[in-house]
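Thanks for making the time, everyone. I would like to talk through the aromatic side chains in this model, and the charges that sit over some of their rings.

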Amino acid sequence: MAAETIANDEAFSEQTLQAVDSAEHEPQLDDQQESTDTDRALASATEEINLGDDKQEQDHGAVAAAVAAAVASATALKPRPLPLQLNNAKMDEEERNTADVDLPAPGPIPPSKNMAEYMTPPTPGVAPLSDPNYRRQLEEEEQQGSRSNTFTPANIDLKQVKANLLGPREQEAADEAMTQGIGALFNNKFSQAKAIFESHAHEDPLHSLGMGAMAFLKAITSANPMDAEVAIATLTETYQFAQAQIEAAQAKKPLKDTVSHMFSNLMGTNTTGLPTNTKPLSQEQLKQEPKFMANGALRAHVIKAECGLLMSMVHLQHETVLGYLKMGLNLRRAYSSYSLVWQEYKRMGQDFHKYIDQDTVSAIQFGIGSVHLLLSSLPPKILKIVSAFGWNADKHLGFALLKLCLEGRRIRAPLASMMLLSYYVILTSHAPLILNRELMQPAVECLLDAQKTYPSSAFFLYFAGRVSRLTRSLELSTQSFNYTKDVSQGEWAEDSMGLLANYEIAFNAAMDLNWEEAANGLAALIPSHTKPAFIKYFYGACMEMMGNRSEAILAFAEAPKLISGNGSQVEQFIVSRVNFFERSGYQDLDLVLPALEILLLWNSLANMSDEALEACLVKIDETLEKIYAREKQEYEIRMLQIAPSVAPPDYYDQRSTLLLIKASILNSLSRGREAIPHLNWILDSRIRIVHTKWLVPFAYWESGVTCWCMEDHSRARSLWQSALSFSGYPLEYRLAIRLNLAITHANDLGVTPVEAPKPEKGISTNGRKRLSLASRMSPPNSPVMSNGNHHSPRVESPTSTTPST
């Protein structure tokens, strides 16, 4: 097991021994959380999270006070149990007395309830200074640094690159400038950070990697193809720089170790992809001054691997087959270098500090942990493309290594925080009703820990907004996004983080059913957003909800024209919906709710307030009544005329879409039993749903959510497995991620799918060579020819004996 690999690894012995006392005082987590294996693998939890200097304690008290105030305002509307993160933050009695709210005793959370109802949102972060000179000060600091928003190639002469001969302690002293650059980057001094990285990018690959990391962050946050190209070019140059330094030091992996590692992977005996035949040197061998690979060469290998890792994540964002292929190639190259350094690291044993600098150790933990966490979250359709690794990803190993990197507080620590928060937030957003219970608590803890060091970082303020949204606190979420926008100064940040914050604010407004504010925010984004087609379509959907039909039609008609090339899966969804509206000349817009469709497909309904969801139910029922009235009117024509020119009413697509939205809302309100008849109607009518191809697989997904919330886990897993059989519909990749996460979570809990009944065998000849004439001439529905009835899969209540209707 990967967890045992780390626990038994002598390289971690010192950290393990130091953590025994503090680990005994750590609060116990819920049995259902995935922390058992991770904690066993980690075995190095320290008290640094709860301790620190006086200033950090004061900041933590302010954070707890802000959270307590949020609890007080929330309980005015709806009582909530004891905030989970305040327990783990060890809020003292004085803070409890100042909270001014009655906190009931903690207890088990009902499995049928929405986890978000039992989570107190985190603090929105530290507000920017109210001083009017604050913005001017930030702008002046930006002007003092590098004002360029572009990343130009350094044009390094690779033939002149020399080996790095610095020892571990000398390297740590030389990397102080890099530490300052990372601090400036995560304290919103972006141009200053860029200037620090540029000053040494020609002579040090780590500083060049700092430039690549900035380009990577811009590409990820802006989703701009041009930014992605710049990031790939910058990281490729750093990759070649590190490779030249490796060749100058002549530090390559021995052929024997390469072959041994390859065979252990192919034979399936290696479960982590890391070298397993390397043992730490004995004390006698260490006394003989053994020869290890030079620290500079190990450092270059890690930098080279990190470039491959970041490039793979940029390619993953493209959501294309070519992008997945490139992602796999870069991950394999990265892991090859990581495994080499890991092998040397293990040979060093407990004396590794003598031979390798701390930042390189931190980089090993960050890189290997990120690879395992990334691969464990991908659906099987993508893993088939990158399956040449020969081993399975271990997310518990990923968690353990990233937490070790985080606790080291070295250069990669904030990047490890972002990786963990991305995993928690993005995965929970894909399946909130399934994963909220397990992932929200560690997400809040990780965020609070990051905000201790970087309380006003634009990156962590953004994650604070996402986490607050998952706890159904849209007001706090919007406040965090506003803070993100306020501190994102300069060309680099305003073009990425600023636009991203504005988009999230508009989405929050839509989730709060404030359609006018959402439409105004989206309209401001259209000229500068990298995906204008979706923004324009969403804007039209908001205008339709406001009753401005003419503006909505103009927006819908213009949205497909903003798509370049084949378009992403989201853009293909837009084209399909606009084509569906145009079939009736936009006359059937009264029978659809396009804005609620977006909230459904983006998994936002589970994060809305109960009041907003109840209002949506009323709107859906009104729209269903319009469909019924339209059908009644068209049937009356057929009662008066023979063979009328008007076609029979066909509103299966419209009614099924509304019923699916209604079922999702009922699941979010913990009223899943009421969703059963609506979901069964969709599944029974799936053959007649012709124009909305994504609807049936999403109905299977929602049916699985209903069964899961009713604790019929085996049935839920079977329904999710059925959804995987569909292909060729818009948003297929988005649903594939959900299904993979849900099925993997079910597997982790030991849930087995309900086996479908096997079809009965054909008619027996009873040992004769030919079938009797009587059997062959029996009617199809006779007992002899009956092979069982084949009904569509239905959703049933676990307590009922007959299917619901």
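Let me begin with a charge over a ring: in this predicted model, the charged end of Arg333 sits over the ring of Tyr239, at 4.6 Å from the ring centre. A second case involves Arg734, whose charged end lies over the ring of Trp602, 4.5 Å from its centre, and I will come back to that tryptophan shortly.

Turning to ring against ring, the structure holds 28 aromatic pairs. One of them joins Tyr423 and Tyr424, where the ring centres are 6.1 Å apart and the planes meet at 75 degrees, so the pair is edge-to-face, the cut-off for that class being over 60 degrees. Both partners are buried, Tyr423 with a relative accessible area of 8% and Tyr424 with 4%.

The rings of Phe534 and Trp602 are arranged otherwise: their centres are 5.0 Å apart and their planes stand at 20 degrees, so this pair counts as stacked. Phe534 belongs to helix H26, residues 532-546, whereas Trp602 is in the loop between helix H29 (594-601) and helix H30 (610-640), and the pair therefore ties together parts that are 68 residues apart in sequence. Phe534 is buried at 7% relative accessibility, and Trp602, at 16%, counts as buried because the limit is under 20%.

What cluster do ring pairs link Phe534 and Trp602 into? It consists of Tyr503, Phe507, Phe534, Tyr537, Phe538, Phe556, Phe573, Phe580, Phe581, Trp602, Trp694 and Phe698. Trp602 is thus a member of this cluster as well as the ring beneath the charged end of Arg734.

Definitions and conventions: Residues numbered from 1 in each chain as written. Predicted model: local features only at pLDDT ≥ 70, side-chain atom pairs only at ≥ 80, totals over all residues. Heavy atoms only, no water. Phe/Tyr/Trp six-rings, centres within 6.5 Å; stacked < 30°, edge-to-face > 60°. Buried < 20%, exposed > 50% of the residue type's maximum accessible area, 1.4 Å probe, protein only. Helix = DSSP H or I, 4+ residues; strand = E, 2+ residues; numbered from the N terminus. Lys NZ or Arg CZ within 6 Å of the ring centre and 35° of its normal.
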